[in-house]
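Trainee: I am new to this structure. Please take a close look at one part with me, the largest pocket, and then show me how the rest of the chain is arranged.

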Amino acid sequence: LNSDFMSGFGGQHAPAYPGSDGFADQFGGPAGKRFKTGELKHLILDSCNVDLQVQQRILESTLDKWINNFSEEPYEQIDDITLLAFEV
């Protein structure tokens, strides 16, 4: 995520979330569209104050619902999905 996103943490120990574009590019949801980077940023911002294990469960659950629960037939994973989290 870019420096504008990181600046929202006011110079405190900020979490960093480097990763591939696979999560944001994944098709799913009720309209079969991509998840998109903006949605991923909101998801991370909404969960960044809980510990990393909880964040992992939130991210995995959200992706699983996006791919599987909005249609009769699940969408295939179209790309690698890599997302790391650590504090800087």
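Mentor: We start with the overall plan, go to the pocket, and then move out to other places in the chain.

Keep in mind that this is a predicted model. The protein chain has four helices and four strands. Read along the sequence, their order is α-β-α-β-β-α-α-β. The chain counts 88 residues, and 26% of them are buried.

Now the pocket. The largest pocket holds about 260 Å³ of space. How many residues line it? The lining is made of 13 residues. Nearest the centre are Gln 56, Leu 59, Glu 60, Leu 83 and Leu 84. Which element gives the largest share of the lining? Helix α4, residues 52–68, does, with six residues. What is the chemical make-up of the lining? Nine of its residues are nonpolar, three are polar and one is charged.

Stay with Leu 84, one of the residues nearest the pocket centre. Leu 84 is also part of a nonpolar patch on the surface. Its partners there are Phe 86 and Val 88. Together the three have about 290 Å² of accessible area. Val 88 sits in the segment after β4, which spans 86–87. Is Val 88 buried or exposed? Val 88 has 54% relative accessibility, so it counts as exposed. The cut-off for that class is over 50%.

Next, the loop between α4 and β4. Thr 82 belongs to this loop. Thr 82 is partly exposed because its relative accessibility is 37%. Thr 82 pairs up in space with a residue from another part of the sequence. Ser 20 is 62 residues away along the chain, yet the two C-alpha atoms are 5.2 Å apart.

Glu 76 is placed in the loop between α4 and β4 as well. Its relative accessible area is 69%, so Glu 76 is exposed. Where does Glu 76 stand with respect to Gln 26? The two are 50 residues apart along the chain, and 8.5 Å separates their C-alpha atoms.

Follow that link to Gln 26. This residue lies in the loop between α2 (22–25) and β2 (27–28). Is Gln 26 buried or exposed? Gln 26 is buried because its relative accessible area is 0%. The limit for buried is under 20%. Gln 26 can also be set against Asp 79. They are 53 residues apart in sequence, with 7.4 Å between their C-alpha atoms.

Beside Gln 26 in the numbering comes Asp 25. Asp 25 forms a salt bridge with Arg 34. The closest N and O atoms of the pair are 3.9 Å apart. The count for the structure is one salt bridge. How open are the two ends? Asp 25 has a relative accessible area of 22%, so it is partly exposed. Arg 34 has 36%, and it too is partly exposed.

Go on to the loop between β3 (33–34) and α3 (37–47), where Lys 36 is placed. What marks out the backbone of Lys 36? Its phi is near 80°, a positive value in a residue other than glycine. Most residues other than glycine have a negative phi. Lys 36 is exposed because its relative accessible area is 53%.

Helix α3 brings us to Lys 41, which lies in it. Lys 41 is partly exposed, as its relative accessible area is 24%. Ala 24 is 17 residues from Lys 41 in sequence. Their C-alpha atoms are 9.4 Å apart in space.

So much for the tour. Go back to the pocket now and find helix α4, the source of six lining residues. Then find Leu 84, which lies nearest the pocket centre along with four others and takes part in the nonpolar patch with Phe 86 and Val 88.

Definitions and conventions:
Predicted model: local features only at pLDDT ≥ 70, side-chain atom pairs only at ≥ 80, totals over all residues. Heavy atoms only, no water. 1 Å grid on protein atoms, 1.4 Å probe; cavity = no way out; pocket = protein on both sides within 12 Å on 5 of 7 lines; lining within 4 Å. Points joined across faces, edges and corners; volume = space filled by probe spheres on them. Helix = DSSP H or I, 4+ residues; strand = E, 2+ residues; numbered from the N terminus. Nonpolar A, V, L, I, M, F, W, Y, C, P; charged D, E, K, R; others polar. Patch = residues over 30% accessible without salt bridge, like charges linked within 9 Å, V, L, I, M, F, W, Y side chains within 5 Å. Areas by Shrake-Rupley, 256 points an atom, 1.4 Å probe, with all protein chains shown as cover. Salt bridge = Lys/Arg side-chain N within 4 Å of Asp/Glu carboxyl O. Buried < 20%, exposed > 50% of the residue type's maximum accessible area, 1.4 Å probe, protein only.
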